[in-house]
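Trainee: I would like a close look at a single part of this chain, namely the helix nearest its C-terminal end and whatever surrounds that helix. Please place it within the whole before turning to the details.

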Amino acid sequence: MTLDLSPGFGVYVHWPFCAAKCPYCDFNSHVRHQPVDQERFAAAFATELATMRRRTGAHEVTSIFLGGGTPSLMRPETVGAVLDAIAQNWTIAADAEITLEANPTSVEAERFRGYRAAGVNRVSLGVQALNDKDLRFLGRMHSVSEALHAIGLAREIFPRLSFDLIYARPGQTPEAWTAELEQAIGYAVDHLSLYQLTIEEGTRFHALYHAGKFQIPDGDHAADLYAATQEITAARGLPAYEISNHARPGAESRHNLTYWRYGEYVGVGPGAHGRFLEDGTRIVTIAEKHPETWAGLVEAQGHGIVDGEVLSRSEEADEFLLMGLRLAEGIDLARYEMLSGKTLSGRYLSRLQQDGLVAPIGNSRLRATPQGMIVLDAVVADLAR
């Protein structure tokens, strides 16, 4: 059977609201202490989607991703209205992947059947840790027991399930992470997203970390945790198909593959980004971040886009390298040459191969090795010369 490596066409919808702001999070998320006007935001999504349809033209949508923020704070009726609006503008493939991010609190888990009825067929749970002490440190509002309840309910209701864990937490040993990861694999249906804790500027963790309130594993310790992650997931049938994402074969996130394979996608909602071809040129769109300001812009002009750019040929090629080399499947060399108008530098390619950082796949593809994945930015910088 031939592996389908087509990037597809995706739609990303950003729901920007959260019940609380996690101290590590630098995503565009906002806490509102009064109920959100969901009808207003659903109508704004529909308006912006129609504007994007005029810009992209006709496409078959292969994936939809409802991200945030906390999309599981949406009522199922709101999710249904958004999915209906997408279907009114493009054709949705019969086997389209439709993902909703959810937090595993008991209140949100009770909505799962409503999301499934609305058309969601994949849920991504923000579990983040499987011990209560670290959940509190990470600012999560759920307990381990609530997370396990949500996982069990999701396995019953949705055809596909993923959940996230954050590792390289303060004081975390390889032995402790190994035990936690083995436990997680026992619960996961087909997909895990495993991220190292990073300290992002502008977050509460950034201030606490630089004030010396906690420490995270150093580079060597983090590398050991990463190596253990790769070894354990591969042995348990969920190998890495991307730096931080692991799946049983065939259960990879189609929406994220659209990003990494450098496909086209529309982004709607506060702070959402899009990348698609308009008149043969790749366009970047960036929406206003503040939710109510975004909604006002959409109501006034049909969209909330406040920034963006037209990518040059060399910028497209660089992005293609940076995204595609995150994948175990690597990049299509012919597509790189088509985008860039040149071949990869033989001198730098040879050196990277000798250093064990990249490797060919047959005669047509190139991938980063596990060692290359750890220093991927430097690998891409050399290849793009």
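Mentor: The model is a predicted one, and its protein chain contains 16 helices and 17 strands. The chain has 385 residues and a radius of gyration of 21 Å; a compact globule with that number of residues would have a value near 21 Å, so the two agree. Taken along the principal axes, the box filled by the C-alpha atoms is roughly 60 × 50 × 45 Å. Of the residues in the chain, 52% count as buried. The accessible surface comes to about 17,000 Å², and carbon and sulfur atoms contribute 52% of that surface. Among contacts with a separation of 6 or more, 70% are between residues 24 or more positions apart. As for charge, there are 35 positive and 48 negative charges, and the mean positions of the two sets are 0 Å apart.

The helix in question is α16, which spans residues 376–383. Its buried residues are L376, V379, V380, D382 and L383. Viewed down the axis of α16, these residues fall within an arc of 160 degrees, and therefore they line one face of the helix. The background to this is that an α-helix has 3.6 residues a turn, so residues three or four places apart point the same way.

The cover over the buried residues of α16 comes from several elements, including the helices α12 (313–324), α13 (333–340), α14 (346–354) and α15 (370–374). The strands β16 (358–361) and β17 (365–368) also belong to that cover.

One of these covering elements, α14, merits its own description. Y348, L349 and L352 are the buried residues of α14. They cover an arc of only 100 degrees around the axis, which means that they sit on the same side of α14. The other side of α14 carries the exposed residues G346, R347 and Q354. The buried residues of α14 pack against β16, β17 and α16. Thus α14 contributes to the cover of α16, and α16 in turn is among the partners of the buried residues of α14. After α14 comes G356, with a positive phi near 75 degrees.

For contrast, some sites elsewhere in the chain may be set beside this region. V284 lies in strand β13, residues 281–287. Its relative accessibility is 4%, and it therefore counts as buried, the cut-off being under 20%. Not counting residues up to four places away in sequence, V284 touches G274, R275, D307, G308, E309 and L311. V284 and V189 are 95 residues apart in sequence, and their C-alpha atoms are 34 Å apart in space.

H30, in strand β3 (residues 30–31), also counts as buried, with a relative accessibility of 18%. Apart from neighbours within four places in sequence, H30 is in contact with P16, F17 and C18, and also with K289, H290 and P291. A43, by comparison, belongs to helix α1, residues 38–56, and is partly exposed at a relative accessible area of 42%. Between A43 and R254 there are 27 Å in space, C-alpha to C-alpha, and the two are 211 residues apart in sequence.

Finally, the backbone deserves attention. Most residues other than glycine have a negative phi, and most peptide bonds are trans. Q128 is not a glycine, yet its phi is positive at about 75 degrees. Q128 has its place in strand β6, residues 122–128, and counts as buried at 8% relative accessibility. Y262, another residue other than glycine, has a positive phi near 60 degrees. Y262 is found in the loop between α10 (254–260) and β11 (264–268), and it counts as buried with a relative accessibility of 2%. A cis peptide bond, with omega of about 20 degrees, joins G68 and G69. G69 is in the loop between β4 (60–68) and α2 (76–89).

To return to your request, α16 presents one face of buried residues, and what covers those residues includes both helices and strands.

Methods. Residues numbered from 1 in each chain as written. Predicted model: local features only at pLDDT ≥ 70, side-chain atom pairs only at ≥ 80, totals over all residues. Heavy atoms only, no water. Helix = DSSP H or I, 4+ residues; strand = E, 2+ residues; numbered from the N terminus. Rg over C-alpha atoms; globule rule 2.2 N^0.38 Å. Buried < 20%, exposed > 50% of the residue type's maximum accessible area, 1.4 Å probe, protein only. Contact = heavy atoms within 4.5 Å. Areas by Shrake-Rupley, 256 points an atom, 1.4 Å probe, with all protein chains shown as cover. Lys, Arg positive; Asp, Glu negative; His and termini not counted. Charge placed at Lys NZ, Arg CZ, Asp CG, Glu CD. Arc of directions from axis to C-beta.
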